[in-house]
Amino acid sequence: MPLTFLSSPSAAEWDARIAATPNGGNVYQSHALGQVKRMARWTPRYAVSAGRVGGGADGAEGAEGAEGVAMTIHSKRAPGFGTVWYLPKGPCVDDVEALRPLVDQLREAAREEGVLFVRIEPEIRETPEALAALETMGLVRTDPVQPHSSTVIFALPGSEEELLAAYPSKTRNMVRRALRDGVVVERAPDSEETYEQMWTIWQAVVRDQGLGVRGRDYFVESWRTMVRGGVAQPVVARVDGEMVAWALVTVIGEVAAYKEGASLRERPVPGASQLLQYEGMRWAIERGARTYDLVGTPHSTRLDDKDDLRHGLGIFKRGFSKEVTDWVGAWDIVLRPRRYAVWRRIGQRVVTRVQRREPGDAFF
């Protein structure tokens, strides 16, 4: 059965649909992120799968499942190759059997529109069985676009009062130290001053780490769009009135995530980062979130590898919970195998070079 494409759903309607998906949704599938990706020449399309997907807790056949699954499909032309579809952190299902009918429907819809390939990034736990099942669906494993195929997920308590007690003792002590040392955290307003200060710290981190990312206009507009779309809140830490660190926290449905953040390298403040996450989690609890994704660690098999770029981040995030969750990563549904092979060999690099507007610009 084919996908159903909706015409211009409202942000509230679409985000409610995403929150109702089997795994509770993801901010990367939200209406606001669809608008953000327009700045990188992607066009969001809003699709709902046919039939029920998923089941009861025991997986029994006939158990009640979700009435279709909402999917934000980003579409983009790749000159000389055709159209590419991309579902960032989607479809929002949590097991391969729920994914299987969606792959069939995506393949059918993409074939009808002459799409080159469809990239998906479902948050399904990585196991040998899951990886084998994805291969039997005819999917091709590829490099993830979003930088968190492994992560730490913290279970939020039911109230703010229980939050600090839920932390491991070392992290709890760091939060208290920051407060004792005069670090002030606040939920920053939606203002040009806020975003300019965030960008100043962010670009210093980008420069120091040699990261190739998009420029100021893209990031500032993306933060503004998510905040005004009602799915994000900037949280900042100040010392003597100066912003020393910030975090952008997102919530959709019951799922919260630390999307990105940065701190002054030349002025490290012990406990400030833990305090930021504490305040971000407090905001998430107020919004009804039940889980908090700390977004981005090394793979669980590389936690002790100091050469891994996320080694330090992994240490920090595992201060909230030792368990690392590995997702299956990114996979392509290939519709035109020969052209796809050329795309992987040279096509993406060539198209990116042709379409680049500024240093750090990328196809995805």
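Student: Is strand 5 buried or exposed, and why?
Tutor: Start with the terms. Buried means under 20% relative accessible area, exposed means over 50%, and partly exposed lies in between, with a 1.4 Å probe and protein chains only. Strands (E, at least two residues) and helices (H or I, at least four) are DSSP runs, numbered from the N terminus. Eight of the nine residues of strand 5 are buried, so strand 5 is largely enclosed by the rest of the structure. This is a predicted model: local features need pLDDT of at least 70, side-chain atom pairs count only at pLDDT 80 or more, and totals for chains, interfaces and linings use all residues. Residues are numbered from 1 along each chain as its sequence is written, and side-chain values use heavy atoms, with hydrogens and water left out.

Student: Which strands pair with strand 5?
Tutor: Strands of a sheet pair through backbone hydrogen bonds, either parallel or antiparallel. Here, two strands pair if DSSP finds at least two bridges between them. Strand 5 (residues 70-78) pairs with strand 6 (residues 82-87) in the antiparallel sense over five bridges. Strand 2 (residues 43-48) pairs with strand 5, also antiparallel, over six bridges.

Student: Which residues stand opposite H74?
Tutor: P44 stands opposite H74. In strand 6, the bridge partner of H74 is Y86. For S75, the partner in strand 6 is W85. The hairpin of strand 5 and strand 6 has three residues between the strands, and G80 takes a positive phi near 90° there.

Student: What is the strand order of the sheet that holds strand 5?
Tutor: Seven strands form an open sheet in the order 1-2-5-6-7-17-8, with mixed pairing. Strand 1 (4-6) and strand 8 (140-142) are the edges, each pairing on one side only. For angles, axes are lines fitted to C-alpha atoms, for helices over the stretch in contact, and angles run from 0 to 180 degrees between N-to-C directions. Neighbouring strands of this sheet are turned by 35° against each other on average, direction ignored.

Student: Which helix lies across strand 5?
Tutor: Contact means heavy atoms within 4.5 Å. Helix 11 (residues 337-355) lies across strand 5, strand 7 (115-120), strand 8 and strand 17 (330-334). Helix 11 runs at about 80° to strand 7.

Student: What is the order of the sheet with six strands?
Tutor: The order is 10-15-14-13-12-11, in an open sheet with mixed pairing. Its edge strands are strand 10 (153-155) and strand 11 (184-187). Neighbouring strands are turned by 25° on average, direction ignored. Strand 13 and strand 14 pair in the antiparallel sense over eight bridges. L248 stands opposite E260 in strand 14. Helix 8 (residues 216-228) lies across strand 12 (232-239), strand 13 and strand 14, at about 50° to strand 13.

Student: What is the volume of the second largest pocket, and which strand gives the most to its lining?
Tutor: On a 1 Å grid over the protein atoms alone, a pocket is an open set of points with protein on both sides within 12 Å along at least five of seven lines; a cavity is a set where a 1.4 Å probe fits but cannot get out; lining residues have an atom within 4 Å of a point. Grid points are joined across faces, edges and corners, and a volume is the space filled by probe spheres set on the points. The second largest pocket has a volume of about 380 Å³. Of its 23 lining residues, the closest to the centre are N23, E123, I153, V255 and W327. Strand 14 gives the most to the lining, with five residues.
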